[in-house]
Amino acid sequence: MQQEIYGVVSIILTVLFIALSWWALQAIRFDLFLKKPDGAQAKLLQILLSLVIGYEVARFFLDYLSWSLIIGQVFS
């Protein structure tokens with residue numbers, strides 16, 4: 001896969017999985033764990049968690065894509 005295409009796919013997947021993790025984190029009742037669940041610190045925590053989770057999930061899929069392309073080249 002060309003470097004430019006891989007870069008675009010990487011950006012799109014990372015943003016997509018960050019958005020999906022933000023959406024999924026909305027289902028968690030943070031009021032059970034935090035003193036001020038409506039405060040700025042709670043929102044920052046949700047943003048940071050969604051960034052970390054989304055980035056790691058995107059990295060997993062990009063690594064999987066790279067590995068599958070390498071395996072495809074080995075057997076061809």
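This short presentation describes the fold, the helix contact and some single residues of one protein chain.

Good morning. The model before us is a predicted one. I shall begin with the chain as a whole, continue with its helices and aromatic rings, and end with four residues.

Let us start with the overall form. The protein chain contains two helices and zero strands. Its radius of gyration is 17 Å, whereas the globule rule gives 11 Å for 76 residues. Because the value is well over that of the rule, the chain is more spread out than a compact globule. The C-alpha trace spans about 55 × 20 × 15 Å along its principal axes. As for burial, 16% of the 76 residues of the chain count as buried.

We now turn to the helices. Two packed helices are described by the angle between their axes and by the distance between those axes. Here, helix α1 covers residues 3-25 and helix α2 covers residues 40-74. Their axes come within 7 Å, and they cross at roughly 140 degrees. How should such an angle be classed? Angles over 145 degrees count as roughly antiparallel, and 65 to 115 as roughly perpendicular. The crossing falls in neither range, and therefore α1 is oblique to α2. The crossing of α1 and α2 is right-handed. Which kinds of residue make up the contact of α1 with α2? The residues of this contact divide into 17 nonpolar, seven polar and one charged.

The next topic is the aromatic rings. A pair of aromatic rings is described by the distance of the centres and the angle of the planes. The count for this model comes to three aromatic pairs. One of them joins F17 and F61, whose ring centres are 5.1 Å apart and whose planes differ by 5 degrees. This pair is stacked. Why can the pair be said to tie together separate parts of the chain? F17 lies in helix α1 and F61 lies in helix α2, so the pair links parts that are 44 residues apart in sequence.

Are the two partners buried or exposed, or something in between? F17 counts as buried, because its relative accessibility is 14% and the limit for burial is under 20%. F61, with a relative accessible area of 38%, is partly exposed.

F61 also pairs with F60. Their ring centres are 5.4 Å apart and their planes stand at 75 degrees, so this pair is edge-to-face. F60 is partly exposed, at 47% relative accessibility. Ring pairs link F17, F60, F61 and Y64 into a cluster.

Finally, I should like to place four residues, beginning with Q46. Where does Q46 lie? Q46 is in helix α2, and with a relative accessible area of 7% it is buried. The C-alpha atoms of Q46 and G7 are separated by 27 Å, and these residues are 39 apart along the chain. Q46 and I28 are 18 residues apart in sequence, with 9.9 Å between their C-alpha atoms. I28 itself is found in the loop between α1 and α2. The relative accessible area of I28 is 38%, so I28 is partly exposed.

The other two residues are leucines. L45 belongs to helix α2 and is partly exposed, at 34% relative accessible area. From the C-alpha atom of L45 to that of F30 the separation is 9.9 Å, and 15 residues separate them along the chain. L65 is also located in helix α2. L65 counts as partly exposed, at 24% relative accessibility. How far apart are the C-alpha atoms of L65 and Y6? They are separated by 9.8 Å, although the two residues are 59 apart along the chain.

To conclude, the predicted model shows two helices that cross obliquely, and the stacked pair of F17 and F61 ties α1 to α2. Thank you for your attention.

Terms used:
Residues numbered from 1 in each chain as written. Predicted model: local features only at pLDDT ≥ 70, side-chain atom pairs only at ≥ 80, totals over all residues. Heavy atoms only, no water. Axes fitted to C-alpha atoms, helices over the stretch in contact; angles between N-to-C directions. Parallel < 35°, antiparallel > 145°, perpendicular 65-115°, else oblique. Left-handed = near helix turned anticlockwise from the far one by under 90°. Nonpolar A, V, L, I, M, F, W, Y, C, P; charged D, E, K, R; others polar. Phe/Tyr/Trp six-rings, centres within 6.5 Å; stacked < 30°, edge-to-face > 60°. Buried < 20%, exposed > 50% of the residue type's maximum accessible area, 1.4 Å probe, protein only. Rg over C-alpha atoms; globule rule 2.2 N^0.38 Å.
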